[in-house]
Structures are given as structure tokens and as C-alpha cells.
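Let's walk through this structure together, one step at a time. Keep the picture beside you as you read.

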Amino acid sequence: GYRVYPVSSTVQDQVDDLQRAWEVLVQEYPEWCIPHDKNEKNDHMGTIVMGHSSGAHISLLWLVDRAKQQMMDHQQKQFENQQLGEVSSSSSS
């Protein structure tokens with residue numbers, strides 16, 4: 001479940017509730033959430049996140065939050081790798 005908006009929470013609180021539920025699911029049942037072999041194209045093991053009405057809305061917001069976070073993490077890694085490359089090329093000059 002999730003907290004009810006606007007009585008006891010914000011929409012972000014509801015998304016955070018779903019994130020906490022996902023973290024428990026990954027901890028308790030990792031085989032449901034993590035591909036067994038990331039190189040295997042036919043590995044369909046996983047979890048479907050879905051909802052109806054407000055649950056669908058919260059699920060979509062949560063997925064968008066996760067995608068945004070993954071994109072920011074990827075950009076941070078690219079930036080760090082670029083900085084490391086500049087440092088190593090300037091020190092070898």
C-alpha cells in the first residue's frame with residue numbers, strides 16, 4: 001500500500017513508498033527482479049510493475065523517477081571518466 005494524497009502525504013511520498021516496497025522485493029526475492037544472465041536475450045525472468053487508477057499513476061511516476069536516476073548516474077560516470085582521461089593525458093605530457 002501507499003499513503004493517501006493529500007490526507008497524509010505528497011505524491012512524492014507515494015512514489016517513495018513504492019521505491020521502498022521495490023527495495024524489499026529485491027532483497028527478499030532477487031531472482032524475481034534481477035536477470036539471471038544479462039547476456040541471454042531469452043531470459044524473461046523479472047517483475048512487472050502495474051496498477052489501476054491511482055496505482056497506475058504512482059507506478060508510472062516511480063518508473064520515470066528510476067529512469068531519471070539511471071540517466072543521471074550514467075552521465076555522472078561519463079563525466080568522471082572524462083575527468084580521469086583529462087588528468088591522465090595531462091600528467092603524461
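**A guided walk through the chain**

The protein chain holds 3 helices and 0 strands. Follow the sequence from start to end and you meet the pattern α-α-α. What you are looking at is a predicted model, so it helps to ask how confident the predictor was. The mean pLDDT of the chain is 82, and 78% of the residues reach 70 or more. Confidence is highest in helix 1, at 90, and lowest in helix 2, residues 30–33, where the mean is 79. As a general habit, where pLDDT is low, the predicted coordinates should not be read in detail.

Now think about the chain as a whole. How many of its residues count as buried? Of the 93 residues, 11% do. You can also look at contacts between residues at least 6 apart in sequence: 38% of these join residues at least 24 apart.

Next, zoom in on helix 1. Here the side chains of D17 and R20 meet in a salt bridge, with 2.4 Å from N to O. In general, side chains of opposite charge can pair when their charged atoms come close. The two partners, D17 and R20, sit 3 residues apart in helix 1, which is about one turn of the helix. Are these partners buried or exposed? D17 has a relative accessible area of 12%, so D17 is buried, because buried means under 20%. R20 has 42% relative accessibility and therefore counts as partly exposed. The count for the model comes to 1 salt bridge.

Helix 1 matters for our next stop too, the largest pocket. About 230 Å³ of space lies in this pocket. Its lining has 17 residues, and L18, A21, V49, M50 and S59 lie nearest its centre. The elements that give two or more residues to this lining are helix 1 (11–28) and helix 3 (54–91). Which element gives the largest share? That is helix 1, with 6 residues. By type, the lining divides into 10 nonpolar residues, 6 polar and 1 charged.

Finally, visit the loop between helix 2 and helix 3, where you will find S53. The phi angle of S53 is near 60°, a positive value in a residue other than glycine. Is S53 buried or exposed? At 56% relative accessibility, S53 counts as exposed, because the cut-off for exposed is over 50%.

Key: Residues numbered from 1 in each chain as written. Predicted model: local features only at pLDDT ≥ 70, side-chain atom pairs only at ≥ 80, totals over all residues. Heavy atoms only, no water. 1 Å grid on protein atoms, 1.4 Å probe; cavity = no way out; pocket = protein on both sides within 12 Å on 5 of 7 lines; lining within 4 Å. Points joined across faces, edges and corners; volume = space filled by probe spheres on them. Helix = DSSP H or I, 4+ residues; strand = E, 2+ residues; numbered from the N terminus. Nonpolar A, V, L, I, M, F, W, Y, C, P; charged D, E, K, R; others polar. pLDDT = per-residue confidence, 0-100. Buried < 20%, exposed > 50% of the residue type's maximum accessible area, 1.4 Å probe, protein only. Salt bridge = Lys/Arg side-chain N within 4 Å of Asp/Glu carboxyl O. Contact = heavy atoms within 4.5 Å.
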